[in-house]
Amino acid sequence: MQAAGENLVVVKNIKKYFRLDKGRIIRANARYLHAVDFVSFNIRKGEIFGIIGESGSGKSTIGRCIIRLLDIDSGEVYFDGKKISDLGPRELKAYRKDMQMVFQNPLASFNPKMTIGQTYREIAKVYKIPKQESEKRIHELIEYINLTDDVLTRLPKELSGGQLQRLAIARALLVEPKFILADEPVSALDVSVQAQILNLMIDLKKEKGQTILFISHDLTVVRHVCDKVAVVYLGTIVEMGPTAEVYKNVAHPYTQALIDAKPKEHPLEYKAHKLLEGEISSAVNVKEGCRFRERCSRFKEGLCSERTPKLKKIGPDHYVACHYPLIG
Ligand SMILES: Nc1ncnc2c1ncn2[C@@H]1O[C@H](COP(=O)(O)OP(=O)(O)OP(=O)(O)O)[C@@H](O)[C@H]1O
Ligand SMILES: [Mg+2]
């Protein structure tokens, strides 16, 4: 169990641009996609921190920059008090064990030719967990995720999506990581099994003090599991705060639009909202001004098109980047 309260992850002004016209020559007119643009937030130990936004808003890129699957262009990432954003591959090795990932598609995340047991034992070997200890941990984890040891002899294709995602979470837990990045962990699953996985995440936090970065495009899911939430739009955080506070006092028109766009009565009865008409615009060579302005019902000439709004505090731990917020 980790001590709650202190920060495990500190992200300071990180930036990640992808160059679109590939080539070695640096040209003045090169086109860059601003996937992550000056993003800052902290994740406390024992907390589930959510990132929410539409497809292409930069959620996965933020996650990958934190666990150093991607190198950032500028900014800093601290993990458990140590700056890891400028560590080389050899120094990073020491941190790999502590930063595990759970992916969207559990089937694709397992080696199809290996049984679950073989996969687990190979990981235990890589991380040099003594055999007796790893066998004990595997058995306890299988029990913890409500399965039985016979799954260890099965191939991934012989298991259901829900079972496999529970096994993917157990695989992450096998090395007792300090941090889990769960990138859309329920999006590929049947609605009927999504709750099992979400409840497992909540149990991990409550019972093991597990720190989790939970990426999702589904507000209902985020509301259910996350202590805090950052709403991202085209690579920037537009609103951030304790989940309950953000829901109670919605400040950014984009957050409001996401809430209103959710189907209300039945998942099949999709109700699009007027505010969220139109595609998410492009993050290529972004200029000054609010990135949400073309879709925003509160757009006003002047400030919105001329100045990029910065995150400002509007309540207890609650921040919004909007010139004309709904509150505050
Ligand atoms: N390796 C890459 N090279 C070029 N562009 C990339 C690369 N990876 C991501 N992008 C672009 O960066 C932007 C952010 O992508 P990202 O995958 O982080 O979005 P996301 O919010 O996770 O979307 P989704 O909900 O679809 O998973 C997108 O426009 C994407 O096309
Ligand atoms: Mg993604």
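Helix 1 is where I would like to begin, since the largest share of the shell around ligand 1, 3 residues, comes from that helix, and I should say at once that what we have here is a predicted model. Helix 1 spans 59-66, and both it and strand 2, at 32-44, supply at least two residues each to the shell around ligand 1. If you want to follow along on the screen, the residues around the ligand are Phe-18, Leu-33, Ala-35, Glu-54, Ser-55, Gly-56, Ser-57, Gly-58, Lys-59, Ser-60, Thr-61 and Glu-184. By class, that shell divides into 3 nonpolar, 6 polar and 3 charged residues.

Now to the polar contacts of the ligand. An N or O atom in the side chain of Ser-55 sits 2.5 Å from an oxygen atom of ligand 1, while for Ser-60 the corresponding distance, again from a side-chain N or O atom to a ligand oxygen, is 2.8 Å. At Gly-56 the partner is a polar backbone atom, which lies 2.8 Å from an oxygen atom of ligand 1. How much of the ligand's accessible area does the protein cover? Taken on its own, ligand 1 has 620 Å² of accessible area, of which the protein covers 61%.

Let me turn to the strands that carry some of those shell residues. Strand 1, residues 7-19, pairs with strand 2 in the antiparallel sense over 9 bridges, and within this pairing Phe-18 stands opposite Leu-33 of strand 2; both Phe-18 and Leu-33 are among the residues around the ligand. Strand 1 also pairs with strand 4, residues 74-79, once more in the antiparallel sense, over 5 bridges, with Lys-15 standing opposite Ser-74 in strand 4.

Next comes an open sheet of 8 strands, whose order is 6-7-8-3-9-10-12-11 and whose pairing is mixed. Its edges are formed by strand 6, at 99-102, and strand 11, at 312-315, each of which pairs on one side only, and from one strand to the next the twist averages 20°. Within the order, strand 10, residues 236-242, and strand 12, residues 318-320, pair in the antiparallel sense over 2 bridges, and there the bridge partner of Met-240 is Tyr-319 in strand 12.

Which helix lies across strand 6 and strand 7? That is helix 6, residues 161-173, which runs at about 175° to strand 6, with strand 7 itself covering 179-183.

Key
Residues numbered from 1 in each chain as written. Chains lettered and ligands numbered in written order. Predicted model: local features only at pLDDT ≥ 70, side-chain atom pairs only at ≥ 80, totals over all residues. Heavy atoms only, no water. Near = heavy atom within 4 Å. Polar contact = N/O pair within 3.5 Å; in protein donor to acceptor, adjacent residues only side chain to side chain. Areas by Shrake-Rupley, 256 points an atom, 1.4 Å probe, with all protein chains shown as cover. Helix = DSSP H or I, 4+ residues; strand = E, 2+ residues; numbered from the N terminus. Nonpolar A, V, L, I, M, F, W, Y, C, P; charged D, E, K, R; others polar. Pairing = 2+ DSSP bridges. Axes fitted to C-alpha atoms, helices over the stretch in contact; angles between N-to-C directions. Contact = heavy atoms within 4.5 Å.
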